[in-house]
Amino acid sequence: MGDMAQAALDSFSPATRGWFAGAFSAPTAAQEGAWRAIGAGSDVLVVAPTGSGKTLAAFLASLDALASAPPPAEPKKRCRVLYVSPLKALAVDVERNLRSPLTGIRQESVRLGLPEPDITVGIRSGDTPPAERRSIANRPPDILITTPESLFLMLTSSAREALAGVETVILDEVHAVAGTKRGAHLALSLERLDELLARPARRIGLSATVRPVEEVARYLSPRRRVEIVQPPSGKRFDLSVVVPVEDMGELGGSPVQEGDTGEKPSIWPQVEEKIADLVQAHRSTIVFANSRRLAERLCNRLNEIAYERSTGEPLPEHHSPAELMAEAGAAKGAPAVLARAHHGSVSKEQRAQVEEDLKAGRLPAVVATSSLELGIDMGAVDLVVQVESPPSVASGLQRVGRAGHQVGAVSTGIVFPKYRGDLVQAAVVTERMRSGAIEALRVPANPLDVLAQQVVAMAAMDTWDVEELLGLVRRAAPFAALPESAFTAVLDMLAGRYPSDAFAELRPRLVWDRVAHTVTGRPGAQRLAVTSGGTIPDRGLFGVFLAGGDSGKGGGRRVGELDEEMVYESRVGDVFTLGTTSWRIEDITRDRVLVTPAPGGAGAAAVLEGRPAGPPPGTGPGARRVPPRGRLAPAKGRRGPAVRRRAGRLGGVQCAELPRRAEAGLRPCPR
């Protein structure tokens, strides 16, 4: 261990130093820089690729401080570290990964004859049962792991008293929220949190490679100096775009000619077989899809292929053909021997089981959406497969980074485009991933809908002076330049001063005393805030629960979600597949579906709607610089006509598809 690495560890207690020296050979560059900056007392932004040890870099200093000092005498102020994750799955993963250092520091303290630390960790998210939420509010843990929406709910209820002792806030994957309205919502929640504290909490931000880094630092802490830790990246990627057919121009989507039988060739059989080959050739694989529907279809089909290969018997004819991969169809639900699905519509328990099986090597592959995109440690994943072009360059790097998620490891990723336009986009995004040319991030300025939500929530909890309220709002980076006229207009609207009689039926949410210059919430404002808060749109999903539980609570264990379109078209007795498991509908209530297991039963695949993303921002210029022909060849030494005829501009490829899509009755833009 070098002198600089040793100096970075010198600020820790003997127990923490002993555990780290026994567990690791040396700290990474990101960890060294983060610990020096944290020791200096400033806010810190750590920018490093996935697999650089960022989470431990942020947590170890806090764990050492918690282990070295006794808990506060007042139980309500015991929570001193708040970790905010944009994903529930990431929050669970972090809690799991904290067990090793907590156990190691405890054992090292006992070995050295030091007092044994008792550090507690809790999770507060949408999956947390009500009993645990009450326990967290009454007896806060030392470290609370939560999400932006759950933090907002805590601040808008009596549970905010459990946050009164927070000293450090860790924002993980800050790049995923900083440029969105969700990030603006979180920024106001953090300012509300600081308002509760005796002094503002230190903020530590963790981010993958982002551009420009100064914009993320401004978002993290706009009023204080932020120490940016961004060591040179040594992360290596092995990326390729694979076209499993000779000519993509002959695939389905072309107009049916006179005399044709209506049978159209499809790329899906080749894609499925190739992915199955890759999965069986590697120890552990994650397959990413851009929608939940595609993830379910592809997962079922991979298991069916594995069944056919292992038994040598073809599946019955009523199974869905490959060309119906992205459409509604039947799915047998073959034994999940090769892959399992992982997305937001799968229950918390099933997601946790899938993650554990993949880490332990019991499951060869997982077909996932963005639920596994951010910095979740999935163990020794050998390969990442992306079906369809990644939603963005940054997203592609995050997804491929799940493979080789260790310091110094190479991340291997393969992209399978679906059609010719997707081929060009995949080539451009992959080339930009190689060069690290990720999209520029911009913090949204003055999203007034987010402001209105937070103002109602704040006024529902306390009576605010208008000037003090405006000052708090302007402390958040997205609202730093908020005009007073816009702020006044929002208060006017919330207080019932509408521009027209057409809005007369809308109920005011605030009382604005223009003489005393105060605002306070009307009755029902708090309930409205906690039931309608956040920026994640309501997707109209029905919860799926096991039948036979407490009928007063609407069933037993939650197994997932279904789109309301499918629920509307379903009847009691129907069988569907969700998460590679077949379920029989026993009852449909106002907001949930009660089911029982139906092993081996044939049924409709779950309908999970998702809006397809458009081309990643900034890829237009790259599409005019399509890589050399050989790099896009379907196979070595062989180039199909579609590749030879590729246009010099992305628009040319799109225009070539317009007549075919118009005649097929499809929208002009395939994306």
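Me: Let's start in the loop after strand 13: is Glu388 buried or exposed?
Reply: We're looking at a predicted model here. Residues count as buried under 20% relative accessible area. Glu388 has a relative accessible area of 8%, so Glu388 is buried.

Me: What is odd about the backbone of Glu388, and what is its phi?
Reply: Most residues other than glycine have a negative phi. Glu388 sits in the loop between strand 13 and helix 14 (393–400). It isn't a glycine, yet its phi is positive, at about 85°.

Me: And His517, which also has a positive phi: where is it, and how covered is it?
Reply: His517 isn't a glycine either, and its phi is about 60°. You'll find His517 in the loop between strand 16 and strand 17. Partly exposed covers the range between 20% and 50%. With a relative accessible area of 47%, His517 is therefore partly exposed.

Me: Which two residues does the cis peptide bond join?
Reply: Most peptide bonds are trans. Here's one that isn't: omega is about -5°. Its proline, Pro212, lies in the loop between strand 6 and helix 10 (213–220). The cis bond joins Arg211 and Pro212.

Me: Back to the strands on either side of His517: in what order do strands 15, 16 and 17 lie in their sheet?
Reply: The sheet is open and its pairing is antiparallel. Strand 15 (464–465) and strand 16 (510–513) each have a single partner strand, so they stand at the edges with one side lacking a neighbour in the sheet. That gives the order 15-17-16.

Me: Which residue in strand 17 stands opposite Asp513?
Reply: Strand 16 runs antiparallel to strand 17 (residues 518–521), and four bridges join the two. Opposite Asp513 stands Thr518.

Me: Which helix packs on that sheet, and at what angle to strand 16?
Reply: The helix touches both strand 16 and strand 17. It's helix 18, and its direction makes an angle with that of strand 16 of about 120°.

Me: Helix 18 also packs with helix 17; what is the angle between them?
Reply: Helix 17 covers residues 466–475 and helix 18 covers residues 484–494. Their axes are 12 Å apart, and the crossing is right-handed. The angle is about 115°.

Me: How many nonpolar and how many charged residues are in the contact of helix 17 with helix 18?
Reply: From helix 17 you get Val466, Glu467, Leu469, Leu470 and Arg474, and they meet Glu484, Phe487 and Leu491 in helix 18. None of the residues in this contact is polar. The split is five nonpolar and three charged.

Me: Moving to the other sheet, which strands stand at the edges of the one with order 8-14-13-9-12-11?
Reply: This is an open sheet of six strands with parallel pairing. Neighbouring strands are turned by 20° against each other on average, direction ignored. Two strands have a single partner strand each, so one side of each is left without a neighbour in the sheet: strand 8 (236–241) and strand 11 (339–342).

Me: Which residue of strand 12 stands opposite Ile286?
Reply: Strand 9 (residues 285–288) pairs with strand 12 (residues 365–368) in the parallel sense, over four bridges. Helix 12 (residues 292–311) lies across these two strands along with strand 11 and strand 13 (383–387), and runs at about 170° to strand 11. The residue opposite Ile286 is Val366.

Me: How many residues of strand 1 are buried?
Reply: In a regular strand the side chains alternate between the two faces of the sheet. In strand 1, Asp43, Leu45 and Val47 point one way while Val44 and Val46 point the other way, and all are buried. For strand 1 (residues 43–47), that makes five of its five residues.

Me: What does strand 1 pair with, and which residue is the partner of Asp43 in strand 7?
Reply: Strand 1 pairs with strand 6 (residues 202–207) in the parallel sense over four bridges, and Leu45 stands opposite Gly205 there. Four bridges also join strand 1 to strand 7 (residues 226–229), again running parallel. In strand 7, the bridge partner of Asp43 is Val226.

Me: Zooming out, what share of the chain's residues is buried?
Reply: The chain has 671 residues, with 23 helices and 23 strands. Its accessible surface is about 29,400 Å². The buried share is 52%.

Technical notes
Residues numbered from 1 in each chain as written. Predicted model: local features only at pLDDT ≥ 70, side-chain atom pairs only at ≥ 80, totals over all residues. Heavy atoms only, no water. Axes fitted to C-alpha atoms, helices over the stretch in contact; angles between N-to-C directions. Left-handed = near helix turned anticlockwise from the far one by under 90°. Contact = heavy atoms within 4.5 Å. Nonpolar A, V, L, I, M, F, W, Y, C, P; charged D, E, K, R; others polar. Buried < 20%, exposed > 50% of the residue type's maximum accessible area, 1.4 Å probe, protein only. Pairing = 2+ DSSP bridges. Areas by Shrake-Rupley, 256 points an atom, 1.4 Å probe, with all protein chains shown as cover.
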